[in-house]
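Good morning, colleagues. Please take a moment to look at the sequence and the model before I begin.

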Protein chains: 2
Amino acid sequence: MREILDIQKKLLPDLMDIMKKRYSILHHILVSGVVGRRTLASSLDMTERVLRGEVEFLKELGLLESDASGMKISETGRQLLEDMQPIVKIAFGLTDLEESIEKAFGLKQVIVVPGDTDTSVFTKKELGRAGAAALRKYVAKGDIIAVTGGSTMAQIANNLAISSSMKGNWFVPARGGLGESVDMQANTIASIMAKKTGGKYRLLHVPDHLGEEAYQTLIQDPQIKEVVDAVRSCRIVIHGIGDAMVMARRRKVDADTTRSLQADGALAEAFGYYFDRQGNVVHKMPTVGLRLEDLQRTEVVIGVAGGKSKGEAIASVLRHGQEHVLVTDEAAAIEIMKHV
Amino acid sequence: MREILDIQKKLLPDLMDIMKKRYSILHHILVSGVVGRRTLASSLDMTERVLRGEVEFLKELGLLESDASGMKISETGRQLLEDMQPIVKIAFGLTDLEESIEKAFGLKQVIVVPGDTDTSVFTKKELGRAGAAALRKYVAKGDIIAVTGGSTMAQIANNLAISSSMKGNWFVPARGGLGESVDMQANTIASIMAKKTGGKYRLLHVPDHLGEEAYQTLIQDPQIKEVVDAVRSCRIVIHGIGDAMVMARRRKVDADTTRSLQADGALAEAFGYYFDRQGNVVHKMPTVGLRLEDLQRTEVVIGVAGGKSKGEAIASVLRHGQEHVLVTDEAAAIEIMKHV
DNA sequence: AGACCCGGGACATAAAACGTCCATCACGGA
DNA sequence: TCCGTGATGGACGTTTTATGTCCCGGGTCT
């Protein structure tokens with residue numbers, strides 16, 4: 001597989017370039033849904049005319065369709081892109097990155113998509129697609145799946161579709177309400193995922209910043225207790241990873257805590273825990289839900305995050321050593337490898 | 001290994017041609033030791049100039065060297081050829097088949113898709129795609145296109161899409177109603193193709209098994225006469241090829257005729273005519289529409305059929321000698337070559 | 001109704017591919 | 001030593017293809 005591409009690179013370097021070009025056109029159209037020639041040209045940094053040439057060609061091949069409203073990918077085209085996935089990875093040199101990270105942190109699988117989530121909205125979408133595919137791969141019938149919030153997780157939810165293997169699964173938020181905008185809260189995302197896959201969901205309506213008393217009262221509540229028990233016995237966790245300070249700001253933690261986070265060198269955040277460079281937990285959010293000790297029993301922990309700026313944070317969480325699968329993008333992967 | 005090439009072919013249809021061209025240049029140089037441009041050109045059946053273009057390219061890639069005494073292969077080039085050995089076998093299997101059949105039956109173009117229609121539904125779909133592509137390639141504006149029935153033709157219709165070059169063309173059934181299930185009748189297929197491509201269609205509603213009287217009456221009918229005239233002046237015929245006995249059964253021909261078909265060694269069926277092993281017509285369906293003599297004026301005759309079991313039948317029709325283009329699959333192609 | 005974006009036709013022009021011819025060089029045999 | 005042969009590579013006009021540019025008619029959203 002790899003050899004054949006290496007050979008082709010030697011004998012047909014020009015065709016490999018064309019392949020990349022056509023692939024990226026198709027891929028852009030795929031993630032854009034319906035898109036016009038001019039928009040696409042500028043987003044791919046091509047002149048309109050040469051894009052048009054390629055598009056006409058791809059249309060002849062039946063890989064995309066166009067009507068007055070714009071161009072969209074055809075079913076065969078969509079299938080082709082899927083089949084091409086491994087080829088593209090090798091051709092773009094992503095397989096190397098995946099394997100290096102797997103080895104460096106002892107992970108079961110690493111998936112790297114091309115691009116940089118920080119700079120391209122398309123990469124973010126692709127990250128969502130890849131995250132959804134990873135979840136689909138590891139999920140089994142009757143699983144309880146704990147999810148967190150964040151824009152990346154929202155993107156994954158977007159890309160899930162009904163599938164027999166996920167029908168009847170339970171989606172639960174990993175932890176209580178994490179004061180973000182509603183459509184990126186874990187609760188929202190769990191319910192979207194359940195609806196999209198034909199699964200069921202339970203929510204945790206718990207306010208932020210709990211005091212000790214309120215906390216004790218809450219976990220006595222039978223309704224809440226039931227959900228929390230479900231969360232703690234989940235078989236799969238899929239979560240985003242954030243920069244510690246960014247998350248702290250977003251959650252409006254008080255100034256004291258922020259200072260203490262800084263003093264402790266908090267770098268990354270995931271499912272309510274804050275990690276320093278060495279992967280040690282330096283702080284945790286005061287709310288109910290999944291605890292670190294539950295994670296050890298969890299069979300599959302999937303982390304999804306991308307963007308050059310998050311590379312170091314991802315490396316911190318990986319170093320903590322409870323992840324099994326990582327889905328990230330090229331830019332972040334390169335950063336991660338700088339921190340081994 | 002094989003899939004990767006198939007995938008690439010979908011995105012870069014001329015990949016194989018170029019790869020083959022460059023490979024054979026290098027290979028020729030390898031076996032020749034040192035050779036000059038003109039010698040090489042004539043032995044590869046290329047014009048000198050185009051060979052020169054490739055040679056200059058290969059030289060830039062460092063795969064061959066040249067000095068005043070001629071060209072010879074470089075060490076990396078030799079290594080590359082060695083590494084390519086397995087690829088070449090797989091990759092050129094089909095191309096070789098295509099060319100052998102073209103030469104054996106004097107066809108303009110042969111397209112072979114991988115697989116066996118008899119055993120794989122994917123191959124059948126692929127055959128449909130390839131058939132549709134072939135039709136798209138040869139069609140011109142304002143053409144009348146005569147089509148036949150059958151599941152393969154239905155598959156082609158499925159794979160047609162609206163295209164400017166086919167807009168406004170006429171689709172007509174090659175011959176009157178061939179008592180098959182409705183969705184595989186020529187009439188149905190002609191109308192689907194017209195709808196899919198944005199063309200127009202005329203149908204021939206003629207019952208099977210016409211008596212001589214009824215026949216005479218029918219062809220007097222101005223409506224029918226108009227369509228029949230259109231059919232007979234078509235520029236393109238695209239048709240399936242069937243096994244004679246299978247078709248006879250499907251059309252419920254009477255026992256007498258069946259016996260006579262068997263006695264005459266009928267092997268294949270196409271557009272209502274039955275052919276024996278040598279390609280002679282041994283029987284024809286009693287219905288209106290395209291006659292063999294009309295076929296001689298037809299500019300493009302495209303036959304589409306696949307499956308190991310049909311190989312012999314396809315060979316019979318090809319031997320009759322009125323086909324220009326054949327679209328088939330690998331299994332059938334191999335069978336065909338056994339009957340040259 | 002009007003602004004906007006879409007695909008696709010049209011056409012001039014730039015670029016690449018190709019056919020053709022020739023200058024020059026190395027080599028071997030007379 | 002000279003000359004014929006076959007080699008590469010330069011040159012150049014021609015043809016074909018790719019590209020830049022402009023515009024039209026038709027949907028769509030506001």
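I shall describe the overall form of chain A, then the two DNA strands, and finally a helix and two loop residues.

First, the conventions. This is a predicted model, in which local features need pLDDT of at least 70 and side-chain atom pairs count only at pLDDT 80 or more, while totals for chains, interfaces and linings use all residues. Residues are numbered from 1 along each chain as its sequence is written, chains are lettered from A and ligands numbered from 1 in the order in which they are written, and side-chain values use heavy atoms, with hydrogens and water left out.

Let us begin with chain A. Chain A contains 16 helices and 13 strands; helices (H or I, at least four residues) and strands (E, at least two) are DSSP runs, numbered from the N terminus. Along its principal axes, the C-alpha trace of chain A spans about 70 × 40 × 35 Å. The radius of gyration is taken over C-alpha atoms, and the globule rule is 2.2 Å times the number of residues to the power 0.38. Because a compact globule of 340 residues would have a radius of gyration near 20 Å, the 21 Å of chain A agrees with that rule.

How much of chain A is buried? Of its 340 residues, 53% count as buried, where buried means under 20% relative accessible area, exposed over 50%, and partly exposed in between, with a 1.4 Å probe and protein chains only. Turning to contacts (heavy atoms within 4.5 Å), residues 24 or more positions apart account for 69% of those in chain A with a separation of 6 or more.

I now turn to DNA strand C. A residue is near a strand if one of its heavy atoms lies within 4 Å of it. DNA strand C is surrounded by 18 residues, and the closest are Arg37(A), Thr39(A), Arg52(A), Lys59(A) and Thr47(B). Of the atoms of this strand that come within 4 Å of the protein, sugar and phosphate account for 49%.

Which elements supply at least two residues each of the surface near DNA strand C? They are helix H3 (37-44), helix H4 (48-60), strand E1 (64-67) and strand E2 (70-73) of chain A, together with helix H4 (48-60) of chain B. The largest share, three residues, comes from H3(A). By class, this surface has five nonpolar, seven polar and six charged residues; Ala, Val, Leu, Ile, Met, Phe, Trp, Tyr, Cys and Pro count as nonpolar, Asp, Glu, Lys and Arg as charged, and the others, Gly among them, as polar.

Several polar contacts (here, pairs of N or O atoms within 3.5 Å) deserve mention. An N or O atom in the side chain of Thr39(A) is 2.6 Å from a phosphate oxygen of DNA strand C, and for Lys59(A) the corresponding distance to a phosphate oxygen is 2.4 Å. The side chain of Arg52(A), by contrast, has an N or O atom 2.5 Å from a base nitrogen of that strand.

DNA strand D comes next. Here 17 residues surround the strand, and the closest are Thr47(A), Arg38(B), Thr39(B), Arg52(B) and Lys59(B). Sugar or phosphate makes up 47% of the atoms of DNA strand D within 4 Å of the protein, and the rest belong to bases. The largest share of the nearby surface, three residues, comes from H3(B). In terms of class, that surface has four nonpolar, six polar and seven charged residues.

Both protein chains appear among the polar contacts with this strand. The side chain of Thr47(A) has an N or O atom 2.4 Å from a phosphate oxygen of DNA strand D, and a polar side-chain atom of Lys59(B) lies 2.7 Å from a phosphate oxygen. In the side chain of Arg49(A), an N or O atom is 3.2 Å from a base oxygen.

Let us move to helix H15 (residues 311-320) of chain A, which is mostly covered, with seven of its 10 residues buried. Among the buried residues are Ile314(A), Val317(A) and Leu318(A). Their cover includes helix H6 (94-105), strand E9 (266-270) and helix H16 (330-338) of chain A. After H15(A) comes Gly321(A), with a positive phi near 90°.

Finally, two loop residues. Most residues other than glycine have a negative phi. Lys252(A), although not a glycine, has a positive phi of about 55°, and Phe271(A), also not a glycine, has a positive phi of about 35°.

Are these residues buried or exposed? Lys252(A), in the loop between helix H12 (244-250) and helix H13 (255-263) of chain A, counts as exposed because its relative accessibility is 65%. Phe271(A), in the loop between E9 and E10 of chain A, counts as buried because its relative accessibility is 4%.

Notes:
Polar contact = N/O pair within 3.5 Å; in protein donor to acceptor, adjacent residues only side chain to side chain.
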